[in-house]
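Student: Please take me through this model one question at a time, and explain each term when it is needed.

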Amino acid sequence: MSIFILERGASDYMYDSAQHSSNWKKRRKRRQEKLWEDRVPIWHYVLNALLILLLMGMVLTALLEYIDYVGSLEQLEAKAGQLAFFETAPEIAASAAMAPAVTVAAASGSDKEAKTDIAEAFAVMENSAYTALGEIPLIVIDAGHGGEDSGCLWNGVMEKEVNLAIAKLVKEKLTGLGYRVVMTREDDSYVTLADRVRIANESGADLYISIHQNAYEDVRAEGIEVWYNEDKSEGDDKRLALLLGQQTVKATGAKEREFQSDSRMYGVINTTMPACLIETGFLSNKAEREKLVTAQYQEQIAQGITQGVSYYFEPKTMYLTFDDGPFRENTLQVLSVLRERNIKGTFFLVGEYVEKNPDIARQIVEEGHTIGIHCYRHDYHELYAGVDSYLADFEKARQIIFEVTGVETRMFRFPGGSINDFNRETRDQIIQDMTERGYIYYDWNASLEDAVNNPKPEQLIANALDTAMGRKKVILLAHDVVKTTGNCLDELLDYFPEYRMLPLTEEVEPIQF
Ligand SMILES: [Zn+2]
């Protein structure tokens, strides 16, 4: 069809040129002259070109801005998603509370206002607990054995299957809390020990947890056993082991067995991050084996492991406080336990003992602990006889403590606490006067109750556990003058792996009766 038209066009043209060749030449000349007259000036072309370029630039800029905007939306949504994950972790519920606002900002269209919202939301997030957490922790969960290696086998129950079932539940729970999880195996496959370690080390994991089942020739053996390597990191392996033991026992009611430190455990020793191996029960024990194969008991164990991991990354806070010192032998023992564990505490000093043991008072400060004023002479009757006698004693203590340590502290603790049997008449006025002078008093919400005659170590530990009641913030009262307190302090601290120990400072909101 098109060929036909073209052919006809060509023949028409030939016809025209034959008939009117001279006219055509004239017309052409005229047309050329006219064209010359009508010619658009060159600057016009340049201007047009510039305009086109400008237009293209504007379109391109708009496009790039749009891409950038969509990108920021995606980023924001991802961050909001991460925050939402954390909502289930009570420790950082405060930061998660922002998530809805952020999500709303991300969802609310493309106008300038929404963009401002997003910028603001980002600013808030940068200053939030979320960023304080840094990278989201990565945990390697290792289901022991697998494939041709069934682990221990009792009455048809294969260890590898129980291990995998629990490991999968732990993964699900940790992921639900917002943690990243890598599994060394997710099915019934055989993975060498070297490969398990390689997976952990190459993933840059923060924790490695290997899940196993126990067996013993004495079929009465039962309970949960956690293995770790004591020499590996500055106490983090042990803290992880203590947490997993503590929380799984709490979740299951199983018997807690001795914690085992053994450098022969291949995975535990060769991984570069804090690691431990948990034997969640004995397949050789009939009663425990029957529980271990149930979904309900596996769920309880997984819950315990997950809670342990949560506390590892988001511990509660405890302030260890020691009153009535410094005493030579006992205070030095307390200091040595704290030094060994790299823990800083707070000492409420008695002026007359600071006078007697100035070197120990100075050592307390030098080793990074904080100090507060207790009194000069620990005599309830004299102290609380009147406002004046209290203030005079306090001033004497303040002066000697400052002279010896160079520390001008505003923290103090009333002998016997702010409410006691001796200050009924005088306490209100004393508290008012002390507060006006700018001093802050710290009572406590947990106590070793070690200010009794011949306390037993296990009783002191039980008292501490009973009175701390698992609170999120604990100020624990102890006395460094009591010999038993120094003796059992190391063991006592093993009972509180879910706490991070911090020294009191004037910025810490006090606990007051
Ligand atoms: Zn005291």
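Tutor: Two residues are in contact if their C-beta atoms, placed from the backbone, lie within 7 Å. This is a predicted model, in which local features need pLDDT of at least 70 and side-chain atom pairs count only at pLDDT 80 or more, while totals for chains, interfaces and linings use all residues. Residues are numbered from 1 along each chain as its sequence is written.

Student: How many helices and strands make up the secondary structure of the chain?

Tutor: Helices (H or I, at least four residues) and strands (E, at least two) are DSSP runs, numbered from the N terminus. On that basis, the secondary structure of the chain comes to 21 helices and 16 strands.

Student: In what order do the six strands of the open sheet stand?

Tutor: The pairing in this open sheet is mixed, and its edge strands, which each pair on one side only, are β4 (180-183) and β7. Two strands pair if DSSP finds at least two bridges between them. From edge to edge, the order is β4-β1-β5-β8-β6-β7.

Student: Which residue in β8 stands opposite Glu225?

Tutor: Glu225 and Trp227 point one way from β6 (residues 225-228), whereas Val226 and Tyr228 point the other way, and all are buried, the cut-off being 20 or more other C-beta atoms within 10 Å of the residue's own. Strand β6 runs antiparallel to β8 (residues 275-282), to which four bridges join it. Opposite Glu225, in β8, stands Glu279.

Student: What is the bridge partner of Tyr228 in β7?

Tutor: Here the sense is parallel, with two bridges between β6 and β7 (residues 260-261). The partner of Tyr228 is Ser261.

Student: At about what angle does α10 run to β8?

Tutor: Axes are lines fitted to C-alpha atoms, for helices over the stretch in contact, and angles run from 0 to 180 degrees between N-to-C directions. Helix α10 (residues 236-252) lies across β5, β6 and β8, and its angle to β8 is about 25 degrees.

Student: What angle does the direction of α13 make with that of β5?

Tutor: Strand β5 (residues 207-214) pairs in the parallel sense with β1 (residues 138-143) over five bridges, and within this pair Asp142 has Ser210 in β5 as its bridge partner. Helix α13 packs on the sheet, where it touches β1, β5 and β8, and its angle with β5 is about 155 degrees.

Student: How are α14 and α21 placed with respect to each other?

Tutor: The axes of α14 (residues 328-340) and α21 (residues 483-494) are 9 Å apart, and the helices pack at about 15 degrees. Residues that meet include Asn330 and Val334 of α14 and Gly486 and Leu489 of α21. Angles under 35 degrees count as roughly parallel, over 145 as roughly antiparallel, 65 to 115 as roughly perpendicular and the rest as oblique. The two helices are therefore roughly parallel.

Student: And how does α8 stand to α13?

Tutor: The axes of α8 (residues 159-176) and α13 (residues 295-313) come within 9 Å and cross at roughly 45 degrees. That angle makes α8, relative to α13, oblique.

Student: How does Thr426 count in terms of burial, given its C-beta neighbours inside 10 Å?

Tutor: Thr426 sits in the loop between β12 (411-412) and α19 (427-436). Beyond its neighbours within four places in sequence, Thr426 is in contact with Tyr384, Gly386, Val387 and Tyr390, and its C-alpha lies 6.5 Å from that of Tyr384, although the two are 42 residues apart in sequence. A residue is exposed at 12 or fewer neighbours and partly exposed between that and the buried cut-off of 20. Because Thr426 has 18 such neighbours inside 10 Å, it counts as partly exposed.
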